[in-house]
Structures are given as structure tokens and as C-alpha cells.
Amino acid sequence: MSKSVPAFLQDESDDRETDTASESSYQLSRHKKSPGSLTNLSSSSGMTSLSSVSGSVMSIYSGDFGNLEVKGHVQFAVDYVESLKELHVFVAQCKDLAAADVKKQRSDPYVKTYLLPDKGKMGKRKTLVMKKTLNPVYNEILRYKIEKQILKTQKLNLSVWHRDTFKRNSFLGEVELDLEAWDWDNKQNTQLRWYPLKRKTAPVALEAENRGEMKLALQYVPEPTPGKKLHSTGEVHIWVKECLELPLLRGSHLNSFVRCTILPDTSRKSRQKTRAVGKTTNPVFNHTMVYDGFRPEDLKEACVELTVWDHYKLTNQFLGGLRIGFGTGKSYGTEVDWMDSTSEEVALWEKMVNSPNSWIEATLPLRMLLIAKISK
């Protein structure tokens, strides 16, 4: 069993990745809630002030969708090189793209590709950014080392983005090819083609795909230390039992683990995770994580984010996740994207809240999530 400072109350003091679950429990005392901010806390060991996280919650997702018109075309070709066991995506050029700078009628576009369902860093390839043009020429080859039989289970997602001075990305359109239905023997399919750019469709398609399931149980303990005269806050216990039928992104290889964060906190210290279990799509974790510092009213504002990852070499690839909360779309009066629990996820949270000191078990389908970036 691992315990940590409450995930939505802990500030980040350094920039290190702390994937391992904290073994220490923190005793926290509440301060009066000030208008316009989340509850401020101090740790009894050192009385270090913890600041509100409400200001950073609104900007934790990368990429703007729908802010710019989708228009124009992209020219590219795909080919599988048998001798190298590589997929080559030759990105030639784009024409008549939407203008991010409307006044000067120009954008700074680049092209990005993924082999779906993998949306992790290992599956991403991108071209250079071309400055101040609506008709960029790239002539770049984006390569994927992949077995052909695995490639035939994937989709190629090619998207065009504008990158501004502050390194923010704005969506300009995309093309998606179903590689399972692709005729690899037809040499004409290796020739350059113009494709019309389309609006964002990948999240809808990915949402419908089977990401597997997670078997888990939750428990809310209102008073972990009975008999104490001083007012004490409660604990949320999260028992990750197992996952079922996880998707395979690397052929028959899988080395999965589960990571937990209690939003709205996105600091590294709030994270806990299970051990990694290899060589199975049905890993058994049997791992309990405990977050303390919960008042009853905090249960309405927080959300348990559980994500499943495949650890491969130096990177982690996202497989699927859950967000368990009331799904109100708001947290402490602020509208947030991550309060998006499904009806099944909401039902589990409600049962936990209404049945204190009891384990509430469920098996929930994993889904695609826009993962919050880690804040400092």
C-alpha cells in the first residue's frame, strides 16, 4: 500500500520525474478558503505553503482544434520497403492552407504523422516547420520501423499544424488512411497523390476502438483515525486489481503499468503508479493507492485519473484510461476539460461517496483521454 499527499493539494518543488509511489503520509492542516482560488494548505512538517493550482488548469492541453479554418490539400506517398522492414511516408508539399496570420495571409506549417492506435511519442514523426507560407514544400521522408503484419492493423494519421512564435500548435487539417485495406501490391499506391485536408476525426474514431477494461475498487474513509478530537480529513483508497484485453501496440510485446493522478493537481509529486507487468494483455496488479486530505466537499471537485501505459525502452506509450468523478465539467468553480467522466465512471464515484468505509468494485472500459501535462 502506498500513501501520498492529496493529489489535488500538493505543489511541485522540483522538476524530477517521480514515478514511484511515495511511501510517506503527510499530515495536512486546512486554511480558510480565499475567494477566487482553491483551498490553500500548509504541511505540518516545515509549514511549507502550497499554492492554488486553479490558474494552471486551463492551459494543460496542447493543440488548438477548430480555431482555424480547415482548407487546402497535402501531397504525400506511402511505401513499405521490405528490405528495411520500414514504412516510408514521403511528405512532398501542401497548398492553399488556412492562414493563421489573417492580416498577412500566412502560416508556419509542419506535418505530423502517427500510426494509430499509438498516440505516444514513439509513434510520432514530423517534418520541419516552414515559415510564412500557405504552400509549404517539405520533400521529407518520415520512417517507421515496423513489421508488415503489424502495419496492416494500423491507420496512418497525417495532420498539418501551424506552430506560432510561442510554440503553440493550431490544427490545419488531417488525412487518415486505413492501412488494413491498403493495396500494398499496387505500385500506383506508392506514387504521390494530393489529398484534401479534413476536419479532426481521429478522436471520434479512437473513442470507438476497444482499449480494454480495468477491474478496480474504490473506498472513501471519512475518518481514518477515529477518536481524534481534532477535525480530520478523509482518505480515498484506489485498488487497481487488473486490466483485461489491453491493445497490443508492438506486436506480441506488452509491459504495462497503471498511473494515478487526482486532478486538478498535475504536479509530479501527486502521481502514484503500479509496478509494470510484462508479457500479457491481462495484467494483474493488485495495487492499492491512498490519497489523504479529502473533505466531503472536495469529493465534488476532484477527479481520479487512471491511465494505462506500455513501457518500452525509455518511453511510455498510452493504452487507455479512466476519469472517475462526478463529471460536472467544473472544478472549484472553473470549467475544465477533464471533468468528463462517462455515466459508468460517474456511477462508481457516486456509489463510493454514498457508501463510506465500503469497497465499491467495478469493471470499466478504458478510453482515449487528452492527458494533462505535468506542471512544475
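The questions and answers below concern a predicted model.

Student: How many disulfides does the structure hold?
Tutor: Take Cys-303 as a test case. Its sulfur has its closest cysteine sulfur in Cys-260, 9.6 Å away, too far for a bond. A disulfide needs the two sulfurs within 2.5 Å. For the structure, the number of disulfides is 0.

Student: Is Cys-303 buried or exposed?
Tutor: Buried means under 20% relative accessible area. Cys-94 meets that with 1%. Cys-303 has 0% relative accessibility, so this residue counts as buried.

Student: Which strands are the edge strands of the open sheet of 4 strands?
Tutor: The order of the sheet is S9-S6-S5-S12, and the pairing is antiparallel. An edge strand pairs on one side only. That gives strand S9 (137-145) and strand S12 (193-196).

Student: By what angle are neighbouring strands of the sheet S9-S6-S5-S12 turned against each other on average?
Tutor: The sheet is open and its pairing is antiparallel. For the turn between neighbours, direction is ignored. The average is 30°.

Student: What is the bridge partner of Phe-90 in S9?
Tutor: Strand S6 covers residues 86-95. S6 and S9 pair in the antiparallel sense over 7 bridges. In S9, Phe-90 is matched with Ile-141.

Student: How many residues apart in sequence are the parts tied together by Glu-86 and Arg-143?
Tutor: The two side chains meet in a salt bridge, with 3.9 Å from N to O. Glu-86 belongs to strand S6 and Arg-143 to strand S9, so the pair ties together parts whose separation in sequence is 57 residues.

Student: Which is buried and which is partly exposed, Glu-86 or Arg-143?
Tutor: The cut-off for buried is under 20% relative accessible area. Glu-86 has 14%, so it counts as buried. Arg-143 has 41%, which makes this residue partly exposed.

Student: How many salt bridges does a search of the whole structure find?
Tutor: Glu-86 with Arg-143 is a salt bridge. Arg-323 with Asp-340 is also a salt bridge, with the closest N and O atoms 3.1 Å apart. The search of the whole structure gives 12.

Student: Where is Asp-340, the salt-bridge partner of Arg-323?
Tutor: Arg-323 is in strand S20 (residues 315-324). The pair links distant parts of the chain, 17 residues apart. Asp-340 is in the loop between strand S22 (334-335) and helix H4 (343-354).

Student: Is Arg-367 buried or exposed?
Tutor: The side chain of Arg-367 meets that of Asp-340 in a salt bridge at 3.4 Å, N to O. Arg-367 lies in the segment after strand S23 (360-365), so this pair ties together parts 27 residues apart in sequence. With a relative accessible area of 10%, Arg-367 is buried.

Student: Which residues do salt bridges that share partners join into one network?
Tutor: Asp-340 pairs with Arg-323. Asp-340 also pairs with Arg-367. The one network holds Glu-305, Arg-323, Asp-340, Glu-345 and Arg-367.

Student: Why is strand S13 largely enclosed by the rest of the structure?
Tutor: Strand S13 covers residues 213-221. The reason for the enclosure is a count of its buried residues: 7 of the 9.

Student: Which residue in S23 stands opposite Leu-216?
Tutor: S13 is joined to strand S14 (residues 234-244) by 9 bridges, running antiparallel. S13 is also joined to S23, by 6 bridges, again antiparallel. In S23, the residue opposite Leu-216 is Ala-362.

Student: What kind of aromatic pair do Trp-239 and Trp-359 form?
Tutor: Their ring centres are 5.4 Å apart, and the angle between the planes is 70°. Planes over 60 degrees apart count as edge-to-face. The pair is therefore edge-to-face.

Student: Which residue lies over the face of Trp-239?
Tutor: Trp-239 lies in strand S14. At 25% relative accessibility, Trp-239 counts as partly exposed. Over its face, at 4.2 Å from the ring centre, lies Lys-241.

Student: Over the ring of which residue does the charged end of Arg-259 sit?
Tutor: The C-alpha atoms of Arg-259 and Lys-273 are separated by 4.2 Å, with their positions 14 residues apart along the chain. Lys-273 is placed in strand S16 (residues 272-273). The charged end of Arg-259 sits 5.3 Å from the centre of the ring of Trp-309.

Terms used
Residues are numbered from 1 along each chain as its sequence is written. This is a predicted model: local features need pLDDT of at least 70, side-chain atom pairs count only at pLDDT 80 or more; totals for chains, interfaces and linings use all residues. Side-chain values use heavy atoms; hydrogens and water are left out. Buried means under 20% relative accessible area, exposed over 50%, partly exposed in between (1.4 Å probe, protein chains only). Two strands pair if DSSP finds at least two bridges between them. Helices (H or I, at least four residues) and strands (E, at least two) are DSSP runs, numbered from the N terminus. Axes are lines fitted to C-alpha atoms, for helices over the stretch in contact, and angles run from 0 to 180 degrees between N-to-C directions. A salt bridge is a side-chain nitrogen of Lys or Arg within 4 Å of a carboxyl oxygen of Asp or Glu. Rings of Phe, Tyr and Trp (its six-membered ring) pair if their centres lie within 6.5 Å; planes under 30 degrees apart count as stacked, over 60 as edge-to-face and the rest as tilted. A charge sits over a ring if NZ of Lys or CZ of Arg is within 6 Å of the ring centre and within 35 degrees of the ring normal.
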